Amino acid sequence: MLYGWEYGAYTHYTPTETSSFLAAAHARLEGADDFMAIAPYISALVSIAGYFAGCPAVGPITALILARIGLGVKQIAQKTWEAINYVNMFNAKDDPSFGFMLYQNFHWVVNPQWWVPQSYTQFCLIQSNGVVYHVWTTTGVCYMTANAVNSYVAFITWYNNHMGLGVGISSLAKAIRRKFTLSSMIKF
Amino acid sequence: MLRQAEETLKNVDLIASEGKVLSGWNTISTVNGTTYTYVYRDYALEINGTTRHLIKVSVYTSNGTPIIDPYIQIINAPLVYWAW
């Protein structure tokens, strides 16, 4: 049964761009006192939205997500910088040609299940060896408010309409229904 | 999620190197009195029967100095369970 959708958002900076990214991140994260100063350096969706004019805003909603993990803004800024710094040092040693990568997972639960009662997002840095580094917590899971989910869905819908995700939601849903029908027929 | 991240990693490199530029467009934005030009290129490549997109965004100041030009991509997958 289809109960939701999972999105992976990805921003990849080359080694040359990584210097600009790190300099900006350090300047903004040190002493950051609002969520909007942090969001572009950890949220791939916020960073992506920043590159497109006319798309629905994603940024302000990040505050609602972050507020639910039990850390203050300054703690989050500090932990974010530590994570960026650690991963950058690892990448520089492991593969200097890799650059820097933000990855955000958005787990949109349309029909809540007992094992996943609420939509969540995970903010990650992908190391050059492919390891997923979760920022702030070991699992990186940040449960989302309904407003936050709506904001993400609005942006992703806009992105899909303008850029394309590669697979349309309706065609995937049809494929799932077909597969489910087929397996039911075999079973019964 | 690790598998999804690994797939993304593999595909992004492939699309960037083998994909075709389907379209390109520019926008201009002014922030704090500075005008920036955004140049977009949409790369596409068919992988396992599905056309995947990758957007390259290059940002320049008004005097033509490049600021940053990352590759970006959003992918999706259904969340399913099997009822037996």
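This note walks through chain B, its contact with chain A, and the helix packing in chain A.

1. **Ground rules.** The model is predicted: local features need pLDDT of at least 70, side-chain atom pairs count only at pLDDT 80 or more, and totals for chains, interfaces and linings use all residues. Residues are numbered from 1 along each chain as its sequence is written, while chains are lettered from A and ligands numbered from 1 in the order in which they are written.

2. **Chain B in outline.** Chain B has 1 helix and 5 strands. Helices (H or I, at least four residues) and strands (E, at least two) are DSSP runs, numbered from the N terminus. Along the sequence, the pattern is α-β-β-β-β-β. Chain B holds 84 residues, and 20% of them are buried. Buried here requires 20 or more other C-beta atoms within 10 Å of the residue's own; exposed is 12 or fewer, and partly exposed lies in between, with C-beta atoms placed from the backbone. Take contacts in chain B between residues at least 6 apart in sequence: 35% of these join residues at least 24 apart. A contact is a pair of residues whose C-beta atoms, placed from the backbone, lie within 7 Å.

3. **The E2-E3 hairpin.** Strands E2 (residues 34-47) and E3 (residues 50-61) of chain B pair antiparallel over 12 bridges. Pairing requires at least two DSSP bridges between the strands. B:Tyr36 has B:Thr61 in E3(B) as its bridge partner. The two strands form a hairpin with 2 residues between them.

4. **A residue to check: B:Asn48.** This residue sits in the loop between E2 and E3 of chain B. Its phi is near 50°, a positive value in a residue other than glycine. B:Asn48 counts as exposed because it has 6 C-beta neighbours inside 10 Å.

5. **Other partners of E3(B).** E3(B) also pairs with strand E4 (residues 66-68) of chain B, antiparallel, over 2 bridges. There, B:Tyr60 stands opposite B:Pro66 in E4(B). E3(B) and E4(B) form a hairpin too, with 4 residues between them. In that turn, B:Gly64 has a positive phi of about 90°. E3(B) further runs antiparallel to strand E5 (residues 71-80) of chain B, joined by 2 bridges. B:Ile55 stands opposite B:Ile72 in E5(B).

6. **A strand pair across the chains.** Strand E1 (residues 2-13) of chain A pairs with E5(B) in the antiparallel sense over 10 bridges. Within this pair, A:Tyr7 stands opposite B:Asn76. E5(B) thus has bridges to E3(B) and to E1 of chain A.

7. **The interface as a whole.** In total, 34 residues of chain B are in contact with 33 residues of chain A. On the chain B side, helix H1 (2-18), strand E1 (20-31), E2, E3, E4 and E5 each supply at least two residues. E5(B) gives the largest share, 10 residues. By class, the chain B side has 21 nonpolar, 9 polar and 4 charged residues. Nonpolar covers Ala, Val, Leu, Ile, Met, Phe, Trp, Tyr, Cys and Pro; charged covers Asp, Glu, Lys and Arg; the others, Gly among them, are polar.

8. **Helix H2 of chain A.** H2(A) spans residues 35-42 and is mostly covered, with 6 of its 8 residues buried. Those buried residues are A:Phe35, A:Ile38, A:Ala39, A:Pro40, A:Tyr41 and A:Ile42.

9. **H1(A) against H2(A).** Helix H1 (residues 15-29) of chain A packs on H2(A) at about 155°, with the axes 9 Å apart. Axes are lines fitted to C-alpha atoms, for helices over the stretch in contact, and angles run from 0 to 180 degrees between N-to-C directions. That angle makes the two helices roughly antiparallel. The cut-offs are under 35 degrees for roughly parallel, over 145 for roughly antiparallel and 65 to 115 for roughly perpendicular, with the rest oblique. A:Ala25, A:Arg28 and A:Leu29 in H1(A) meet A:Ala37, A:Ile38 and A:Tyr41 in H2(A). This contact has 5 nonpolar, no polar and 1 charged residues.

10. **H2(A) against H5(A).** H2(A) and helix H5 (residues 73-94) of chain A pack at about 25°, with their axes 10 Å apart. They are therefore roughly parallel. H2(A) contributes A:Phe35, A:Ile38, A:Tyr41 and A:Ile42; H5(A) contributes A:Val73, A:Ile76, A:Ala77, A:Thr80 and A:Ile84. The contact divides into 8 nonpolar, 1 polar and no charged residues.

Key:
Contact = placed C-beta atoms within 7 Å.
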